[in-house]
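Below are some remarks on the model, set out as numbered points so that each can be checked against the coordinates.

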Amino acid sequence: MSALLTATVDVRRADQRLASSLPWLDSKHSQLREQLEPLRNPALFAACAELNPEHGVVHQALQLLTVRIRHLSEQITALKKQITLTIRALNSDLLKVFGVGPDSAAALLIAAGENHNRLTSEASFAALCGASPVAEPVKAIKAGRSF
């Protein structure tokens with residue numbers, strides 16, 4: 001799950017770098033900027049992937065960044081498929097629940113562990129996640145202590 005998150009964050013950062021670099025191209029690269037600025041993903045990625053790195057460092061940087069975005073996107077797709085296959089093998093009914101996709105199903109399975117039978121109610125799930133009310137302050141109040 002963390003590999004998927006890391007790859008997703010890297011793609012977003014690379015995409016932001018690519019988009020933010022276009023307005024800053026100097027006058028020497030105005031033709032390139034005019035060619036790329038109106039494009040949006042995935043047309044922008046396709047155009048940058050076609051740039052010839054031998055035409056200079058800007059072309060090379062944009063082309064390399066696009067290669068990285070494509071590679072990370074492929075990794076994200078592969079990881080999502082693997083997560084979905086694993087969820088189907090462990091608990092295929094979980095993905096049939098309305099609103100539960102592969103990401104939330106994986107989080108639920110991780111939280112429940114191998115003993116999912118212990119989750120008999122919303123309260124038991126909240127307790128497992130550490131989100132249930134803590135009983136200690138109540139004991140402190142009954143003993144006459146304040147916070």
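1. The largest nonpolar core of this predicted model consists of eight residues, namely Leu32, Leu36, Leu44, Ala47, Cys48, Leu51, Val58 and Leu62. The elements that each supply two or more of these residues are α2 (30-36), α3 (43-49) and α4, and the largest share, three residues, is contributed by α3. Another core, of seven residues, lies apart from this one and includes Ile83, Ile87, Ala106 and Leu109.

2. Helix α4 covers residues 57-91, and because a rise of 1.5 Å a residue should give its 35 residues a span of 51 Å, the 50 Å between its end C-alpha atoms agrees with what is expected. The buried residues of α4 are Val58, His59, Leu62, Gln63, Leu65, Thr66, Ile69, Leu72, Ile76, Ile83, Thr84 and Ile87, and among them Val58 and Leu62 belong to the largest nonpolar core.

3. Alanine 61 also lies in helix α4, but its relative accessibility is 44%, so that it counts as partly exposed. The C-alpha atom of alanine 61 is separated by 9.3 Å from that of cysteine 48, a residue 13 positions away along the chain, and cysteine 48 is itself a member of the largest nonpolar core.

4. One salt bridge is present in the structure, formed between aspartate 93 and lysine 96, whose closest N and O atoms are 3.4 Å apart. As for the surroundings of this pair, aspartate 93 counts as partly exposed because its relative accessibility is 47%, whereas lysine 96, at 66%, counts as exposed.

Definitions and conventions:
Residues are numbered from 1 along each chain as its sequence is written. This is a predicted model: local features need pLDDT of at least 70, side-chain atom pairs count only at pLDDT 80 or more; totals for chains, interfaces and linings use all residues. Side-chain values use heavy atoms; hydrogens and water are left out. Helices (H or I, at least four residues) and strands (E, at least two) are DSSP runs, numbered from the N terminus. The expected span of a helix is 1.5 Å times one less than its number of residues. Buried means under 20% relative accessible area, exposed over 50%, partly exposed in between (1.4 Å probe, protein chains only). A salt bridge is a side-chain nitrogen of Lys or Arg within 4 Å of a carboxyl oxygen of Asp or Glu. A nonpolar core is a set of buried Ala, Val, Leu, Ile, Met, Phe, Trp, Tyr and Cys residues joined through side-chain atoms within 4.5 Å.
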